[in-house]
Amino acid sequence: MDTSTIVILDFGSQYTQLIARRIREFNVFSVVLPCTVPLEQVKALKPKGVVLSGGPCSVYDADAPAADAGVLGLGVPILGICYGLQFIVHHLGGKVVGAAAREYGHAEVTLVAETPLFRGLPGTLDVWMSHGDHAEALPEGFSLTAKTSNAVAGIVDESRKIWAVQFHPEVAHTPQGMELLRNFCLDICGAKQDWTPEHFIQSTVERVKAQVGSGHAICGLSGGVDSSVAAVLVARAIGDRLTCIFVNNGVLRKDEFRKVQATMREQLGLNVVAVDASERFLGKLAGVTDPETKRKVIGNEFIRVFDDEAKKIFEAEKSTGEEIAWLVQGTLYPDVIESSSVHGPSHTIKSHHNVGGLPADMKLKLIEPLRDLFKDEVRRIGRDLGMPAEIIERQPFPGPGLAVRILGEVTAERVAILQEADQIVVDEIKKAGLYRKVWQSFAVLLPVKSVGVMGDQRTYANTCAVRAVESEDGMTADWAPLPFEVLRTISSRIVSEVRGINRVVYDITSKPPGTIEWE
Ligand code: XMP
């Protein structure tokens, strides 16, 4: 069965990924491609419709992003959004001009014509605008469908099946935006709502079966949702020809090495090789205090340990005559979009380390079963696969683990102190029913000692920072206004239960300008 597809051409808007997510929320598959892709690539996807995204440029800028204008003649319905509207007007012979006043933020739009795009919507809409230029003269065949007091807000040429709006239907600040996108995808494009978890699971399992044939695959497990869902999907396809490798890098949370193994084997039925390399990692981390160096040390050591284990596994398989080796990675769609975006990959603020570095001298082929999915879709698939909530709802945890939450040198003793404090934060946040409401909540061990008093005794011990943030995707975040009672309990429990900490502070920095992790 061919999945109905909506293609989104990205002109560089910060909201492009949101368009795809919104469309997928009503179970229609959508893909984001840079606006510069060859027309043939768009045609090959047999899209039911094409959305032209917004973008930061003016159509008159020297480096204005442009799509092959042939896309406007494909014969499938087109929806231009913001810059997408201006691109349509400019390329089809209308006129775009710089506005005297920029429209940014909330605006009220009056709908002035009936068109299927606005079916079921009220006569005026609250919308989100973000533009400098606007359309002054419409191309031949187009008519006005919506306006603000200042400018054109919507146009159509029904004979060419081209619609466009100046505002952003994809953002939450346009409350009726979802209905508009639904009208476009379902009524105008006739897309089927066939992007469902069952459909995804079934087609992915079939594809992996066909890809791997009688070969073997390995997968690095972190205990997090992405690698676990990827492993369960691949295991559905090839059973115990998948071997998962789970490495204790010495900077996991309290009891995590044991608990993750138990869950993966007993509840998920995965074939897991667990390697306790904590001494090896802590040895390499001795004396290292620079955050980037820590990340590199852990990343490199991980690849070495993983490589050794992978070789052992494949050596064993070769004796059975198997040559073809596969590596499962939990790459997600935002990484795929990012690496092919019109802007190219964004520059590195912190080097990220994830499980599954490629063993250097082995010819492994990649299976990336999640490369079409957003994080919330991965969770949906995990739920449909019957995976336990403790995995599906787990807060993100960085690859370099507690090492980036221990400022200064990472030693076994400091890891143990932080593990205790971290456990208390997680416990109390869960007890307060906040674990799923916040994006992440954790403790950070600072290289700062201060004086305190306990039972008439002077203390001189470490400081622990508590961090809790709210976020949609980890790209931006606000510090969470945790209830004082929760903070009070966390603080008093840490100071009284964790030997080595006598002071607790709460981090009230958002991202930007802070980052979520401290290193
Ligand atoms: P920052 O600290 O950059 O973190 O604001 C953003 C999100 O990414 C997580 N993070 C990582 N995840 N490998 C990962 O898989 C890493 O090396 C890594 N470093 C940070 C962080 O926990 C937050 O959710």
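Let me begin with a term: a residue counts as buried when its relative accessible area is under 20%, and Glu309, at 11% relative accessibility, therefore falls in that class. Please keep in mind throughout that what we have on the screen is a predicted model.

Glu309 is a good place to start, since its side chain forms a salt bridge with Lys312, with the closest N and O atoms 3.0 Å apart. Both residues belong to helix α9, where they are three residues apart, about one turn of the helix. Is Lys312 buried or exposed? At 52% relative accessibility, Lys312 counts as exposed, while its partner Glu309 counts as buried.

Staying with helix α9, I would like to turn to Glu301, whose side chain meets that of Arg280 in a salt bridge at 2.8 Å, N to O. Because Glu301 lies in helix α9 and Arg280 in helix α8, which covers residues 278-285, this pair ties together parts that are 21 residues apart in sequence. Glu301 is buried, with a relative accessible area of 2%, whereas Arg280, at 36%, is partly exposed.

The same helix also carries an aromatic pair. Phe302 and Phe306 both lie in helix α9, which spans residues 291-318, and they are four residues apart, about one turn of the helix. Phe302 is buried, with a relative accessible area of 4%, and Phe306, at 0% relative accessibility, counts as buried as well.

Which aromatic pairs does the search of the whole structure find? There are nine of them, and I will describe two. The rings of Trp195 and Phe200 have their centres 5.6 Å apart and their planes at 75 degrees, so that pair is edge-to-face; both of these residues are buried. The rings of Phe302 and Phe306, by contrast, have centres 5.7 Å apart and planes at 20 degrees, so they are stacked. Elsewhere, Phe11, Tyr83 and Phe87 form one aromatic cluster.

Charged groups also meet rings in this model. Arg21 lies over the face of Phe374, at 5.8 Å from the ring centre, and the charged end of Lys430 sits over the ring of Tyr435, 4.7 Å from its centre.

Finally, the salt bridges as a whole: how many does the search find? It finds 30, among them the one between Glu368 and Arg371, with closest N and O atoms 2.7 Å apart. Glu368 is buried, at 17%, and Arg371 is partly exposed, at 35%. A network of salt bridges links Asp427, Glu428, Lys431, Arg493 and Glu497.

How values were computed: Residues are numbered from 1 along each chain as its sequence is written. This is a predicted model: local features need pLDDT of at least 70, side-chain atom pairs count only at pLDDT 80 or more; totals for chains, interfaces and linings use all residues. Side-chain values use heavy atoms; hydrogens and water are left out. Rings of Phe, Tyr and Trp (its six-membered ring) pair if their centres lie within 6.5 Å; planes under 30 degrees apart count as stacked, over 60 as edge-to-face and the rest as tilted. Buried means under 20% relative accessible area, exposed over 50%, partly exposed in between (1.4 Å probe, protein chains only). Helices (H or I, at least four residues) and strands (E, at least two) are DSSP runs, numbered from the N terminus. A charge sits over a ring if NZ of Lys or CZ of Arg is within 6 Å of the ring centre and within 35 degrees of the ring normal. A salt bridge is a side-chain nitrogen of Lys or Arg within 4 Å of a carboxyl oxygen of Asp or Glu.
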